[in-house]
Amino acid sequence: MLETVKYLIGSTGPSGFGSKSTADQVTDHCPDLHFITAIITGATSGIGAETAKVLAKRGARLVLPARNLKAAEDTKARIVSEFPKSEIIVMSLDLSSLHSVRKFAFDFESLNLPLNLLINNAGKFSYNHSISEDGIEMSFATNYLGHFLLTKLLLSNMIKTAKTTGVQGRIVNVSSNIHSWFSGDLISYLGLITKNKCEYDGTRAYAMSKLANVFHTKELSYRLEEMNANVMVNCVHPGIVRTRLTRDREGFITDLVFFLASKFLKTIPQAAATTCYVATHPRLVNVTGKYFSDCNEASTSKLGSNSNEAARIWTASENMGRGKNGAVEVEEGARPIQVTVKKVMETGSQPTP
Ligand SMILES: NC(=O)c1ccc[n+]([C@@H]2O[C@H](COP(=O)([O-])OP(=O)(O)OC[C@H]3O[C@@H](n4cnc5c(N)ncnc54)[C@H](OP(=O)(O)O)[C@@H]3O)[C@@H](O)[C@H]2O)c1
């Protein structure tokens with residue numbers, strides 16, 4: 001109850017920011033970002049577009065990967081018209097396709113750019129049952145698996161950049177508080193909904209993908225620490241805001257739900273604040289493996305804090321990326337669960353994770 005009141009009045013937490021802080025405000029005192037190269041996924045609309053605008057305003061060089069290049073060019077044009085000195089590169093990436101992720105990583109590496117900041121923001125709420133070209137449920141494939149592989153392929157660049165420049169690298173995974181709605185066994189449910197349309201529940205699948213973002217953050221922070229890498233990874237809940245995320249469910253009921261929840265909704269500049277805070281604020285030097293909401297550290301669900309589960313999902317995800325002959329075996333104790341993958345990732349001359 002107290003938390004709800006604090007949220008509604010926008011009371012500030014230990015960071016000095018709260019639910020009503022905007023991306024512009026949280027980056028107001030951050031250092032000049034001219035020395036930063038950042039990749040932001042999902043910057044064609046909503047929270048990602050605002051994040052890109054504010055980071056460009058602060059001077060960061062941006063790489064905006066998008067499946068819709070025209071929309072990404074429009075985002076770029078809007079930012080450049082406001083901040084003419086912005087340096088923005090638009091590139092092609094469909095996160096639901098492992099092949100596309102590999103191609104993007106390869107193309108990005110060909111540019112010989114450093115990489116200081118990776119914001120895994122793109123997201124999909126797949127209301128109807130849908131399967132990616134790799135044979136994985138679509139929300140999971142887009143929100144989690146694509147970002148998992150993307151991060152993995154870009155990591156050596158990030159580690160090297162941090163080493164040569166002395167500037168700590170940061171990865172921000174955009175999750176959601178809805179991750180706590182998922183209980184049960186993630187791998188079993190993924191296998192079930194990937195195979196059986198009738199078992200599909202769009203909200204549960206979305207919550208599962210967001211829980212996977214939390215696990216990814218936890219396990220990656222552990223691995224980076226083990227490697228002594230000067231790269232931090234954290235996870236955020238942006239808050240609830242009306243964007244194109246609900247595009248599959250546009251209509252009267254959605255309008256009504258947003259109307260009833262209007263007191264709890266953030267504006268887009270407020271929703272981009274936590275991402276921008278975690279991506280840039282000097283206070284967060286050496287902070288890793290944490291979850292943030294309203295620009296302050298927050299708790300994940302009990303399941304989300306389970307390190308063993310995070311490690312298990314990591315291994316399963318690596319297996320999904322290494323599938324052979326159209327099938328991926330995901331070990332669950334002694335019982336193997338088979339997740340079918342239609343297309344095996346091509347390795348060829350492209351970098352392997
Ligand atoms: N809105 C909320 O209330 C809320 C709450 C909690 C968490 N989040 C999270 O915040 C993040 C941003 O969402 P948003 O609300 O800003 O939604 P949005 O306006 O729909 O933006 C989503 C972005 O992701 C991109 N995207 C979707 N599928 C993609 C794919 N296969 N490959 C590449 N890019 C893809 C979209 O590009 P296209 O233009 O190609 O579609 C768009 O740029 C998501 O991770 C979402 O889960 C949102």
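**Close-up views of a predicted model**

**View 1. Around the ligand.** Sorted by class, the shell around the ligand holds 11 nonpolar, 15 polar and four charged residues. Keep in mind that what you're looking at here, and in every view below, is a predicted model. There are 30 residues around the ligand, and those that come nearest are Gly 42, Gly 46, Gly 123, Ser 176 and Thr 243. Two helices to look for are H3 (46-57) and H6 (138-165), since each of them supplies at least two residues of the shell. Helix H3 gives the largest share, three residues.

**View 2. The open sheet of eight strands.** Walk across this sheet and you'll meet the strands in the order E3-E2-E1-E4-E5-E6-E7-E8, with mixed pairing. At the edges stand E3 (88-92) and E8 (296-298); each has a single partner strand, so one side of each is left without a neighbour in the sheet. On average, neighbouring strands are turned by 25° against each other, direction ignored.

**View 3. Strands E7 and E8, side by side.** As a bit of background, strands of a sheet pair through backbone hydrogen bonds, either parallel or antiparallel. Here, E7 (residues 291-293) and E8 run antiparallel, and three bridges join them. If you'd like one pair to pick out, try Phe 292, whose bridge partner in E8 is Glu 297.

**View 4. A helix lying across two strands.** Helix H4 (residues 69-82) lies across strands E2 (61-66) and E3. Against E3, helix H4 runs at about 175°.

**View 5. Helices H5 and H6.** Two packed helices are described by the angle between their axes and the distance between the axes. For H5 (residues 98-110) and H6, the axes come within 9 Å and cross at roughly 20°. That angle makes H5 roughly parallel to H6, and the crossing is right-handed. On the H5 side, look for Leu 98, Val 101, Arg 102, Ala 105 and Glu 109; they meet Gly 146, Leu 149, Leu 150, Leu 153, Leu 154 and Asn 157 in H6. The residues of this contact split into seven nonpolar, two polar and two charged.

**View 6. Helices H7 and H8.** Here H7 (residues 186-195) packs with H8 (residues 202-226) at an angle of about 140°, their axes 11 Å apart. The two helices are therefore oblique to each other. This time you're looking at a left-handed crossing, with H7 passing H8. From H7, the contact takes in Leu 186, Tyr 189, Leu 190 and Ile 193, while H8 brings Ala 205, Met 208, Leu 211 and Ala 212. What classes do the residues of this contact divide into? Eight are nonpolar, with no polar and no charged residues.

Conventions: Residues numbered from 1 in each chain as written. Predicted model: local features only at pLDDT ≥ 70, side-chain atom pairs only at ≥ 80, totals over all residues. Pairing = 2+ DSSP bridges. Helix = DSSP H or I, 4+ residues; strand = E, 2+ residues; numbered from the N terminus. Axes fitted to C-alpha atoms, helices over the stretch in contact; angles between N-to-C directions. Contact = placed C-beta atoms within 7 Å. Near = placed C-beta within 6 Å. Nonpolar A, V, L, I, M, F, W, Y, C, P; charged D, E, K, R; others polar. Parallel < 35°, antiparallel > 145°, perpendicular 65-115°, else oblique. Left-handed = near helix turned anticlockwise from the far one by under 90°.
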